Structure formats: C-alpha cells, structure tokens
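I'm opening my notebook on this one and writing down what I look up as I go. Short entries, plain words.

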Amino acid sequence: MVFTSFKDAMASGETLVFGHRGAKDYAPMNTIVAFELALKQGAAGIELDVHRSKDGYPVIVHDFTIDATTSGTGRVTDKTLAELKALDAGSWFDASFVGAQVPTLDEVFEAVGDALLINVEIKSMSADTDGVEQVVADCIARHNMGERVLVSSFNPMALKRFREIMPDVMIGFLYSSGMEIDTESMMDGFAHEARHPYFEMIDADYMAWAKSNNYYVNTWTVNDPEKAKELKTLGVNCIITDAPDVMLEAISS
Ligand code: G3P
Ligand code: MG
C-alpha cells in the first residue's frame with residue numbers, strides 16, 4: 001500500500017520496510033542511487049542522516065566526518081556544499097558507483113519525495129546547535145514535505161529544537177540500551193510520536209509499554225529475516241533495514 005502521509009502509514013498498523021541509508025547493502029549509503037534502489041526494491045520509505053554544511057545546506061552523510069564514505073577527509077560541518085559536491089561518494093563502496101555525490105536533502109526530496117516516506121535523522125552530538133534543525137525545517141517547508149517526513153535523533157535537544165521550529169512534523173526518539181548518556185530521561189515530559197529503539201530492545205513488554213504511551217515503534221537495523229517476522233508479529237510499525245528486498249520477502253508471508 002502507498003501512503004500519502006507518515007501519520008497514515010503509522011496509524012495503518014502495517015509493518016513497513018524502510019531502507020537504512022537507502023538500500024545500504026547494495027549501493028553506497030546515503031546517495032541518491034541507494035535511495036532509488038530502496039524504492040525499486042519496494043520499500044515504503046527510507047532513513048537518512050543529515051548534517052548542516054559550513055554554508056548552511058542540509059547534506060546527507062552518516063558519520064560526522066567524510067573520511068569513510070567519500071574521497072575527502074575532515075568534518076562534514078567544516079565543508080561547504082561545493083567542497084562536498086566535488087567529492088566522490090561512490091567508489092569507496094564499489095568502482096561501479098564512481099561519480100555518486102553527497103546529496104542535499106533538497107535533492108532527495110526531488111528524487112524520491114513523491115514516492116517514499118522519509119525518516120530524516122538529525123545528526124547532532126552537542127547541547128548547542130549549529131543550526132541543523134533550522135536548515136532541515138526550511139528544506140521540509142520548501143518542498144512541502146511536512147506530512148511525508150518523520151524527524152528522528154539520538155539527541156533529545158535536537159528534537160526539542162526541531163519541534164519548536166516545526167511543531168506539526170512527527171518526531172521520533174532514537175536510542176539503544178547501555179548508552180553512555182541517559183538521554184531517555186531527557187525525553188520525560190516531552191511529547192513525541194515515535195520511539196526508534198535498537199531492535200534488541202523490543203519484546204512483548206516493550207510493545208505493550210509503547211502502546212500504553214501512544215508511541216509508534218520504528219526499529220533499526222534489522223537484517224535477519226527471522227527477526228523481521230518476529231518483530232512484525234509483535235506489531236512494530238517500521239523495520240529499518242540495509243536490505244529492503246530481503247525484509248519484504250520475509251514479512252510478506
Ligand atoms: O535511524 C536509525 C539508525 O540509522 C540509527 O543509527 O548510526 O545508523 O544512524 P545510525
Ligand atoms: Mg541513521
């Protein structure tokens with residue numbers, strides 16, 4: 001089923017499959033080609049990671065540095081968009097992807113925004129902000145994507161800042177057990193629509209607790225077909241995976 005809004009998708013009760021950083025097992029993560037492949041494989045949506053470039057563009061990279069996934073080195077936030085665009089973001093994965101670029105969030109919305117729901121993960125590790133929440137909000141508004149995105153973060157302060165700017169967009173809190181900082185307690189008393197737990201946190205008790213708190217549950221990163229079936233039976237709303245094709249086949253039966 002194709003959903004026009006994130007809210008409808010979550011409320012449907014279906015277990016959706018989202019491509020983690022695109023179809024990460026098959027294409028260079030967080031590139032347009034990886035997002036288009038997730039769509040081709042039948043994913044309902046994608047998850048991607050966003051930072052603010054030095055000159056104020058929302059750019060899609062996972063790590064806080066560009067070393068692992070591009071031909072360059074250094075922190076994402078120290079680079080201008082032009083500097084990032086000059087890099088090769090494909091050959092580290094496979095020579096056949098040479099020429100893939102670091103995309104902006106605008107480019108992702110233009111390429112797949114009509115066809116896929118988009119979980120925008122804000123990467124932010126500090127208590128203060130470089131303005132990433134504002135550039136993400138501006139981009140969502142520019143493309144009229146407010147109903148088709150959900151913004152998530154490990155950083156409760158980033159979520160609070162984003163909500164202040166764009167209160168109507170769904171948000172989700174990312175976490176796993178054993179995190180260095182007790183971010184979960186920082187979410188107390190702050191209304192949010194979804195929890196994004198690491199999949200090993202989920203069991204029937206977790207799902208009952210989430211339901212009683214009116215939280216949708218979108219989990220990562222699930223690549224094992226048996227685990228996907230189990231999570232569907234437990235009623236998770238979304239499975240974020242590196243292999244959308246494998247997960248879709250697993251949960252279709
Ligand atoms: O949003 C789910 C997942 O992407 C969170 O962890 O490190 O892969 O961004 P990470
Ligand atoms: Mg992520």
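**Entry 1: Asn30**

I started with Asn30, which sits in the loop between β1 and α2 (32-41). One thing to keep in mind from here on: this is a predicted model. I looked up the backbone angle and found that Asn30 has a positive phi of about 60°, although it is not a glycine. I flagged that because most residues other than glycine have a negative phi. Next I asked myself: is Asn30 buried or exposed? Asn30 counts as buried because its relative accessibility is 2%, and the cut-off for buried is under 20%.

**Entry 2: Asn144**

I then looked at another asparagine with a positive phi, Asn144, where the angle is near 55°. I found Asn144 in the loop between α5 (132-142) and β5 (149-153). Buried or exposed, this Asn144? Its relative accessibility is 68%, so Asn144 counts as exposed; the cut-off there is over 50%. My note to self: Asn30 is buried, whereas Asn144 is exposed.

**Entry 3: strand β9**

I moved on to β9, which covers residues 238-241. I wanted to know which way its side chains go. Cys238 and Ile240 point one way, Ile239 and Thr241 point the other way, and all of them are buried.

Which strands pair with β9? I found β1 (residues 16-20), which pairs with β9 in the parallel sense over four bridges. Within that pairing, Val17 has Ile239 as its bridge partner. I also found β8 (residues 216-219), which runs parallel to β9 and is joined to it by two bridges. Here Thr219 has Ile239 as its bridge partner. To get from β8 to β9, the chain goes through helix α9 (residues 225-234), and this β-α-β crossover is right-handed.

While I was at helix α9, I checked one of its residues, Glu230. Glu230 is at 39% relative accessibility, so I wrote it down as partly exposed. I also looked up a distance: the C-alpha atoms of Glu230 and Pro197 are 15 Å apart, with their positions 33 residues apart along the chain.

**Entry 4: strand β7**

Pro197 took me to β7, which spans residues 194-197. In this strand Ala194 and His196 point one way, while Arg195 and Pro197 point the other, and all are buried.

I checked the neighbours in the pairing too. Strand β6 (residues 170-175) runs parallel to β7, with four bridges joining them. One of the partner pairs is Gly172 with Ala194 of β7. β7 also pairs with β8 in the parallel sense, over two bridges, and there Arg195 has Val217 of β8 as its bridge partner. How is the β-α-β unit made of β7, helix α8 (residues 204-212) and β8 handed? I noted it as right-handed.

**Entry 5: ligand 1**

Which residues surround ligand 1? I listed His20, Arg21, Glu47, Asp49, His62, Glu121, Lys123, Phe154, Leu174 and Trp220. I sorted this shell by type and got three nonpolar, two polar and five charged residues.

Then I looked up distances to oxygen atoms of the ligand. For Glu47, a polar side-chain atom lies 2.6 Å from an oxygen atom of ligand 1. For His62, a polar side-chain atom lies 2.7 Å from an oxygen atom of ligand 1. For Lys123, an N or O atom of the side chain is 2.7 Å from an oxygen atom of ligand 1. How much of the ligand does the protein cover? On its own, ligand 1 has 290 Å² of accessible area, and the protein covers 90% of that.

**Entry 6: two loose ends**

I looked up Leu84 in helix α3. Leu84 counts as buried because its relative accessibility is 0%. Its C-alpha atom is 7.9 Å from that of Gln101, and the two residues are 17 apart along the chain.

Last came Phe93, in the loop between α3 (81-85) and α4 (105-112). Phe93 is at 28% relative accessibility, so it counts as partly exposed. I checked Phe93 against Glu249 as well: they are 156 residues apart in sequence and 25 Å apart in space, C-alpha to C-alpha.

Methods. Residues numbered from 1 in each chain as written. Chains lettered and ligands numbered in written order. Predicted model: local features only at pLDDT ≥ 70, side-chain atom pairs only at ≥ 80, totals over all residues. Heavy atoms only, no water. Buried < 20%, exposed > 50% of the residue type's maximum accessible area, 1.4 Å probe, protein only. Pairing = 2+ DSSP bridges. Right-handed = clockwise from strand over helix to strand, strands pointing away. Near = heavy atom within 4 Å. Polar contact = N/O pair within 3.5 Å; in protein donor to acceptor, adjacent residues only side chain to side chain. Areas by Shrake-Rupley, 256 points an atom, 1.4 Å probe, with all protein chains shown as cover. Nonpolar A, V, L, I, M, F, W, Y, C, P; charged D, E, K, R; others polar.
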